[in-house]
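This report describes selected features of one protein model for a reader who has not met it before. The sequence and the structure are shown first.

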Amino acid sequence: MGVVNRRVFEARKKAFVERLEREALQDRVDGDILPLLRLLNAHPDIYTTSSCSGRVMVAEAVRPSYSKGRGFKPVAKWHHPVPPELVAHAVEGLDNAWLMVRGAILHVAAADAKTAYRLVEIGRETGHKHSGIITMNRGGIFVEILGEERLDIPLKRGGNPLADVGSAVEEANKVLALAKLRLYWLAARLEAELFGVEGPTSEEIRRAIHDFLRCL
């Protein structure tokens, strides 16, 4: 007998899908990733739990951290390219401030090992190189698909400016745009692999990303 219990899987899928749609109506879901989440949830052996399409963030901290624990306080975040004026406003009054970019992250539950491993493979094939299985229980085999884009720029230390906000934001927006392109590549591959929908090939998308990088 496998670890996953189909009855538990179905019950949890129903709960998470209902929560997603409820939060979408409340405008609490990252709009850039909502179509992909709905696509994945349409598959009988998959449901999504939490996600982000990539973000730019200002944090108050002496040094950047993956966690949001002691000494790290998120101040503002955006899931789209941000004007420098908004970042400048966010760092006003802060002694220590960082401008940070993180790529896309998805947490997906699969009903079986074959589906879980395929999700990991597609994630890695599309540049989400830190993807893998993180845990498993009766409710599913849980996969994390994680983009490799990451940028940390110190803006202020001890109340003193360390970087030009305009230049820092320009670089941050470029990294975020690349993260979004990788996410769209992931969506196209998942649609083709899981639902048999024709779309651009991986080679075509790679060329588009390379062309985009040459324009930066």
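The model is predicted. Ring pairs link Phe9, Phe16, Tyr47 and Phe142 into a cluster, and this cluster is a convenient place to begin.

## The aromatic cluster

Three aromatic pairs are present in the structure. One of them joins Phe16 and Tyr47, whose rings are stacked, with 5.6 Å from centre to centre and 20° between the planes. Phe16 belongs to helix H1 (residues 6–25) and Tyr47 to strand E1 (residues 46–52), so this pair ties together parts that are 31 residues apart in sequence. The two partners differ in their exposure to the surroundings: Phe16 is partly exposed, because its relative accessibility is 26%, and Tyr47 is buried, with a relative accessible area of 0%.

## Helix H1

For its 20 residues, at 1.5 Å a residue, H1 should span 28 Å; the C-alpha atoms at its ends are 29 Å apart, which agrees. Val8, Phe9, Lys13, Leu20 and Glu23 are the buried residues of this helix. They cover an arc of only 130° around the axis, and therefore lie on the same side of H1. As a general rule, an α-helix has 3.6 residues a turn, so residues three or four places apart point the same way.

The face of H1 turned away from the buried side carries the exposed residues Arg7, Lys14 and Leu25. On the buried side, the residues pack against helix H2 (34–41), E1, strand E5 (105–110) and strand E7 (140–146).

Both ends of the helix show local detail. At the start of H1, the backbone nitrogen of Arg7 has a side-chain oxygen of Asn5 within 2.9 Å. Just after H1, Asp27 adopts a positive phi of about 60°.

## Salt bridges

The count of salt bridges comes to 17. Three of them are listed below.

| Pair | N to O distance |
|---|---|
| Arg6 and Asp45 | 2.9 Å |
| Glu18 and Lys14 | 2.7 Å |
| Arg28 and Glu23 | 3.6 Å |

The bridge between Arg6 and Asp45 links distant parts of the chain, since Arg6 is in helix H1 and Asp45 is in the loop between H2 and E1, 39 residues apart. Arg6 is partly exposed at 39% relative accessibility, whereas Asp45 is buried at 18% relative accessible area.

Glu18 and Lys14, by contrast, both lie within helix H1, four residues apart, or about one turn of the helix. Glu18 counts as partly exposed at 40% relative accessibility, and Lys14 is exposed, with a relative accessible area of 52%.

In the pair of Arg28 and Glu23, Arg28 is exposed at 56% relative accessibility. Glu23 has a relative accessible area of 19% and is buried; the cut-off for that class is under 20%. Glu23 is also among the buried residues of H1 named above.

Elsewhere in the chain, Arg118, Glu121, Glu125, Arg189 and Glu193 are linked in a network of salt bridges.

## Helix H3

Helix H3 (residues 84–91) has Val87, Ala90 and Val91 as buried residues. Seen down the axis of H3, these buried residues fall within an arc of 90°, so they line one face of the helix. Glu85 and His89 are exposed on the other side of H3.

What covers the buried residues of H3 includes both strands and a helix: strand E2 (55–61), strand E3 (72–78), strand E4 (97–102), strand E8 (150–157) and helix H5 (165–195). After H3 comes Gly93, whose phi is positive, near 80°.

## Arg102 in strand E4

Strand E4, one of the elements that cover the buried residues of H3, contains Arg102. Arg102 counts as buried, because its relative accessibility is 11%. The side chains of Arg102 and Asp152 are joined by a polar contact of 3.0 Å. Leaving aside residues up to four places away in sequence, Arg102 touches Gly54, Arg55, Glu149, Arg150, Leu151 and Asp152.

## Summary

Helix H1 has its buried residues on the same side, and those residues pack against H2, E1, E5 and E7. The pair of Phe16 and Tyr47 ties H1 to E1, and the salt bridge of Arg6 and Asp45 links H1 to the loop between H2 and E1. In H3, the buried residues line one face of the helix, and E4 is among the elements that cover them.

Definitions and conventions: Residues numbered from 1 in each chain as written. Predicted model: local features only at pLDDT ≥ 70, side-chain atom pairs only at ≥ 80, totals over all residues. Heavy atoms only, no water. Phe/Tyr/Trp six-rings, centres within 6.5 Å; stacked < 30°, edge-to-face > 60°. Helix = DSSP H or I, 4+ residues; strand = E, 2+ residues; numbered from the N terminus. Buried < 20%, exposed > 50% of the residue type's maximum accessible area, 1.4 Å probe, protein only. Expected span 1.5 Å × (residues − 1). Arc of directions from axis to C-beta. Contact = heavy atoms within 4.5 Å. Polar contact = N/O pair within 3.5 Å; in protein donor to acceptor, adjacent residues only side chain to side chain. Salt bridge = Lys/Arg side-chain N within 4 Å of Asp/Glu carboxyl O.
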